[in-house]
Each structure stands twice: as C-alpha cells, then as structure tokens.
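Please look over the sequence and the structure below before reading on. The paragraphs that follow start with a single pair of residues and widen from there to the sheets, the helices and the contact between chains.

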Amino acid sequence: MIITENITKNFGSFEALKGISFDIKQGEIVGFLGQNGAGKTTLMRILTTYLPPSSGKVLIDGIDISKNSLSVRQKIGYLPETPPLYINMTVLDYLKFAADIKDVNVKRRRFQLQKVLRECQLEEVKNKTISTLSKGYKQRVGIAQAIIHEPKLLILDEPTSGLDPIQNHQVRQLIKNQQDQRTVLLSTHILSEIEQIAHRVLMIKSGRIIVDQPLDSLLKPDNDQSPPLTLEAVFMQHHSLQTSPATPELTAEPTSESTGASHE
Amino acid sequence: MSKIVAIAKKELKTYFKSPIAYIMLIVPIGLFNLIFYMIIEQNREVSLREVFRVMEFMFIFLIPILTMGLLAEEKSTGTMEFLMTAPLSNTTIVLGKYLGILIFFSILISLTLVYYGIAEYFGSPDRLTTLSGYVGIWLEGAFFIAVGLMTSSWTRNQIVAAIAAYVILFGLFFSTALTQYFSGTSKLLIEQLGTQGHLEHFAVGIITVADVTYYLSGILLCLILTRLSIENRLWQ
C-alpha cells in the first residue's frame with residue numbers, strides 16, 4: 001500500500017528526514033512512534049502530498065505521488081494533529097462539503113453521510129455547529145471527514161491527543177473498526193494505544209527509522225522465561241533513556257507536538 | 001467545475017453565518033444611500049457617474065476586509081491542509097474561493113440597482129451609460145477581489161493580508177497623481193496601470209477593448225500569482 005524509498009526532507013539547512021525507506025502492506029495498522037520533532041508529522045505530510053520530499057520516491061497503492069498527486073489523494077484519508085474543521089459550519093454541512101470535494105459519487109452521497117455519522121457516532125450532533133462540540137466530538141468529526149470517501153489508506157496524526165479517557169476509548173475503538181476496511185498509519189505518543197491497536201511499529205528518531213518490526217516480535221523478550229516487554233520499555237531503550245516517572249513525555253499522557261513543519 | 005461550485009458555496013455559507021457578511025452589506029449600502037442622496041441633492045442631475053466614483057473609492061477600503069481571510073484564515077486554522085490533501089487542484093481552490101467572494105460582491109452591487117430605479121423615476125438617465133458604469137464598477141471590484149485573494153495567499157495573518165492589499169490598491173488608485181513627475185513611456189505606463197482612468201471611461205458610457213483587457217488581465221495575473229503562491233507554500 002505504501003512504499004517509500006530513501007525519502008529526505010530539508011527545511012533550509014535543517015535535515016528533517018534522512019533517507020526514510022519502508023513498506024506497509026494493505027490492511028496493516030501501523031503505529032508510528034517518535035519523540036517530538038523526530039519527523040513524524042513531516043513524513044505524514046509527505047505521504048499525504050501536502051509537502052513534497054526533497055528527494056526519494058513514494059508510491060501509494062502503486063501510484064507515484066510526485067506524478068499523480070490527485071489520484072493519490074483520492075486514496076488517502078488524513079486527519080492532521082489539529083482537526084481541520086470549519087467551526088462555523090454544522091457537522092452535516094461540513095461532511096457534505098468534504099464529500100463534495102472528495103469526489104463521493106452523488107448517488108452514494110446520502111448513504112456515505114449516514115454511514116460515517118453512524119460509524120463515528122455523530123448522528124445526535126449532526127445539526128450542531130462544530131464550534132459548540134466537545135474535543136472528543138470534534139476529533140470524531142475529523143475522522144469522519146477522513147473516511148467519507150472510503151479511502152484505502154487512513155493516516156492519523158495523534159488522533160487521541162488531549163482527549164479524556166472515555167473520549168480516548170471511543171476514538172481508539174473507531175480506529176480499530178477501520179482495520180477491516182483500510183490500511184491505517186497512526187502516529188501517537190500514547191504507547192498503550194499502539195499496543196492495543198497496531199500490528200506493526202515504525203519508530204523514527206532524528207529523521208531516521210530506527211525500528212520497523214511487527215509488534216509481537218518487538219515485544220518478545222530475549223529469554224522465554226522473562227515476561228513480555230512493554231512498548232514503553234522498548235521506546236526508552238531505543239532512545240537511551242531510563243524508565244522512570246520523571247520522563248513525562250514518554251508516559252501514557254501525551255504532550256502536544258508542534259505542528260510547524262519547519263521544525264518537525 | 002462542481003468542486004469549484006462546492007468551495008464557492010461553502011465560502012458563501014460560512015460567510016453568511018458570521019455577522020461580517022451582514023455588516024459588509026449594510027454599512028456600504030447605508031453609505032452609498034447617503035452619498036447618492038447628497039449627490040442628487042447637490043447636483044440635481046440624474047446620473048450615477050459620481051456614485052460610481054464614490055463606490056470605487058469605498059471598495060478600496062472594503063474589499064481587503066472582505067478578502068483578507070479567504071486563504072489566510074484557512075492557513076491559520078489548519079483547514080488549508082484539509083483542502084490541499086483533498087483531491088483538489090490548486091486552480092480549483094483558487095477559483096472556488098474567488099467565485100464565492102465574487103458572488104457576494106455581485107449581491108452587494110445588485111443592491112445598488114435601486115439607484116437606477118430612483119433616477120429613472122425622477123428623470124431620464126442614459127440607460128447605456130448606467131449599464132456601462134455598472135459593468136465597469138463590477139469589473140473593478142472583481143479586480144480588487146483578485147488582488148485581495150492574492151495577498152491573502154501570501155501570509156497566515158489576516159491583518160498583514162489586508163495591509164498588503166491596501167498598499168496595492170492605493171498604489172493603483174493614486175498612481176495617476178504621480179504622472180506629473182514622469183514623461184514619455186513611463187508616464188503612459190503609469191497612466192495605464194492606474195484604475196481611475198479605466199473606470200472613468202465606463203462611467204461616461206465608453207466601453208473599450210483596452211479597458212476590459214486591463215481588468216481581465218489584472219484578474220488573471222492575480223489568480224495565477226495566487227495559484228503559484230499556494231503551490232510554493234509562500235506562507236511557510
């Protein structure tokens with residue numbers, strides 16, 4: 001579904017990505033991990049064609065993004081870290097607009113709208129103005145716009161950032177339900193979330209992929225007698241950090257990551 | 001084409017959901033009414049020529065306020081990422097935005113048609129002159145909107161976008177005042193660049209290919225530069 005070959009991205013003299021290569025197969029849910037500023041958002045923006053890479057090649061479902069970006073965008077659903085919402089619109093108007101610009105067939109439009117409203121549990125707020133909704137609802141509206149055109153690939157940048165535990169659970173469940181329908185690339189700081197949802201982990205550090213492994217094998221201890229590793233321990237190990245409560249950025253509570261591409 | 005219309009519809013819908021749309025309709029129309037009354041009272045002339053001049057001057061102030069958020073707001077709120085990762089070409093985004101605000105401007109202009117009705121009721125205004133005046137003011141507004149859209153694509157800050165539009169529009173409006181300091185080709189060039197002379201022809205009932213070309217090429221140039229600005233992410 002995704003093939004990347006030696007992607008680099010420079011912002012002036014700053015090298016944000018340094019030769020990223022990986023493949024993601026159809027139907028996989030891949031957790032994308034890294035510290036703030038490691039290059040996750042930049043890579044996601046390149047995959048969604050929002051930013052061009054400085055060099056390298058990206059194929060999405062066999063299509064080169066540099067040659068046919070509009071076809072690629074048709075296959076991608078994307079939720080940036082800050083949900084891209086027109087807050088003065090109602091949920092329904094916003095989703096209708098998303099359906100219009102994402103080429104949802106006119107005959108299927110009503111069906112698709114009903115489907116995403118049901119799937120994202122937005123039916124009861126569909127006529128409410130987005131600005132009046134809670135953060136959890138806003139996040140679900142963001143996911144609804146990302147899946148309204150039935151994309152083959154769903155890219156989510158910290159979809160549960162800043163949500164309370166119940167909202168977090170609802171959004172996580174929503175993402176989990178996508179696995180039968182599409183490939184999901186999910187970036188998050190909540191490591192337990194990856195443990196629950198993902199099949200595979202990509203870890204990025206200073207613009208390089210340092211881990212690309214199925215979750216099962218990543219968490220398998222060296223010794224059969226030992227208990228399974230936790231993703232947190234693996235993360236700490238790869239970032240040469242001690243597991244301790246004094247490292248808040250790497251615990252279950254996320255901190256917000258800068259959205260500025262120039263520093264990502 | 002359907003996506004251009006979808007973006008234009010979204011623009012209009014969100015615009016009319018905020019008070020600014022109503023303020024931008026009520027305030028100019030109120031001022032135009034007052035000025036129309038004063039001109040008629042003072043000149044005792046059933047012509048809209050002076051009204052068109054006042055409209056032109058007021059649009060320099062009003063249009064940057066209308067256009068400043070068109071793209072700058074999308075960037076500051078993050079919805080630009082939504083548009084630019086949807087299967088939309090940059091040209092579609094630019095034309096959709098432009099069409100939306102052009103329709104709003106056309107509504108504003110159409111509300112002033114009542115002046116023609118009043119002039120017709122009390123006298124015998126020259127219909128063709130009035131019509132050409134309206135064509136001229138509409139083209140000029142369309143050109144100003146294209147300038148505002150372009151400056152809105154340069155930055156994520158709406159105030160900066162408005163100030164940049166003011167600088168360009170004031171430059172175009174007052175450029176004729178500078179002609180006395182120039183001669184020959186440069187004088188002719190500055191004269192042609194200014195908006196006042198072109199609208200004046202329309203206001204007196206003369207529609208020339210040169211004047212229409214001036215506005216249309218200005219609009220096209222601004223739209224192309226807007227597209228390039230989006231393509232090259234100039235605001236980043």
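**From one residue pair to the whole chain**

In this predicted model, A:Gly31 stands opposite A:Leu186, a residue of strand 8 of chain A. This pair belongs to the junction of strand 3 (residues 29–34) and strand 8 (residues 183–187) of chain A, two strands that run parallel and are joined by four bridges. Both strands are part of an open sheet of six strands in chain A, whose order is 6-7-8-3-9-10 and whose pairing is mixed. At the edges of this sheet stand strand 6 (76–79) and strand 10 (208–214) of chain A, each of which pairs on one side only. On average, and with direction ignored, neighbouring strands of the sheet are turned by 15 degrees against each other. Helix 5 (residues 135–147) of chain A lies across strand 6 and strand 7 (153–157) of chain A, and its course makes an angle of about 165 degrees with strand 6 of chain A.

A further open sheet in chain A is formed by four strands in the order 2-1-4-5, and here the pairing is antiparallel. Strand 2 (14–24) and strand 5 (63–64) of chain A are at the edges with a single partner strand each, so one side of each is left without a neighbour in the sheet. Strand 1 (residues 2–11) of chain A is joined to strand 2 of chain A by eight bridges, and the two run antiparallel. A residue pair can again serve as a landmark, since A:Thr8 stands opposite A:Lys18 in strand 2 of chain A.

Where does A:Asp61 have its place? The residue is in the loop between strand 4 (55–60) and strand 5 of chain A, and its phi is near 50 degrees, a positive value in a residue other than glycine. With 17 other C-beta atoms within 10 Å, A:Asp61 is partly exposed. The backbone of A:Gln121, in the loop between helix 4 and helix 5 of chain A, likewise has a phi near 50 degrees, positive although the residue is not glycine. A:Gln121 is partly exposed as well, with 15 other C-beta atoms within 10 Å.

The helix that precedes this loop, helix 4 (residues 106–119) of chain A, packs with helix 3 of chain A, their axes coming within 11 Å and crossing at roughly 130 degrees. The two helices are therefore oblique to each other, and their crossing is right-handed. In the contact, A:Leu95, A:Lys96 and A:Ala99 of helix 3 of chain A meet A:Arg109, A:Gln112, A:Leu113 and A:Val116 of helix 4 of chain A. By class, these residues divide into four nonpolar, one polar and two charged.

Helix 3 of chain A also has a part in the contact between chains, which takes 22 residues from chain A and 18 residues from chain B. Helix 2 (69–75), strand 6 and helix 3 (91–101) of chain A are the elements that give two or more residues to the side of chain A that touches chain B. Of these, helix 3 of chain A supplies the largest share, four residues. That side of chain A has 11 nonpolar, six polar and five charged residues.

Taken as a whole, chain A has nine helices and 10 strands. Of its 264 residues, 45% are buried. Among contacts in chain A between residues at least 6 apart in sequence, 66% join residues that are at least 24 apart.

Notes: Residues are numbered from 1 along each chain as its sequence is written. Chains are lettered from A and ligands numbered from 1 in the order in which they are written. This is a predicted model: local features need pLDDT of at least 70, side-chain atom pairs count only at pLDDT 80 or more; totals for chains, interfaces and linings use all residues. Two strands pair if DSSP finds at least two bridges between them. Axes are lines fitted to C-alpha atoms, for helices over the stretch in contact, and angles run from 0 to 180 degrees between N-to-C directions. Two residues are in contact if their C-beta atoms, placed from the backbone, lie within 7 Å. Ala, Val, Leu, Ile, Met, Phe, Trp, Tyr, Cys and Pro count as nonpolar, Asp, Glu, Lys and Arg as charged, and the others, Gly among them, as polar. A residue is buried if 20 or more other C-beta atoms lie within 10 Å of its own, exposed if 12 or fewer, and partly exposed in between; C-beta atoms are placed from the backbone. Angles under 35 degrees count as roughly parallel, over 145 as roughly antiparallel, 65 to 115 as roughly perpendicular and the rest as oblique. A crossing is left-handed if the near helix is turned anticlockwise from the far one by less than a right angle, and right-handed if clockwise.
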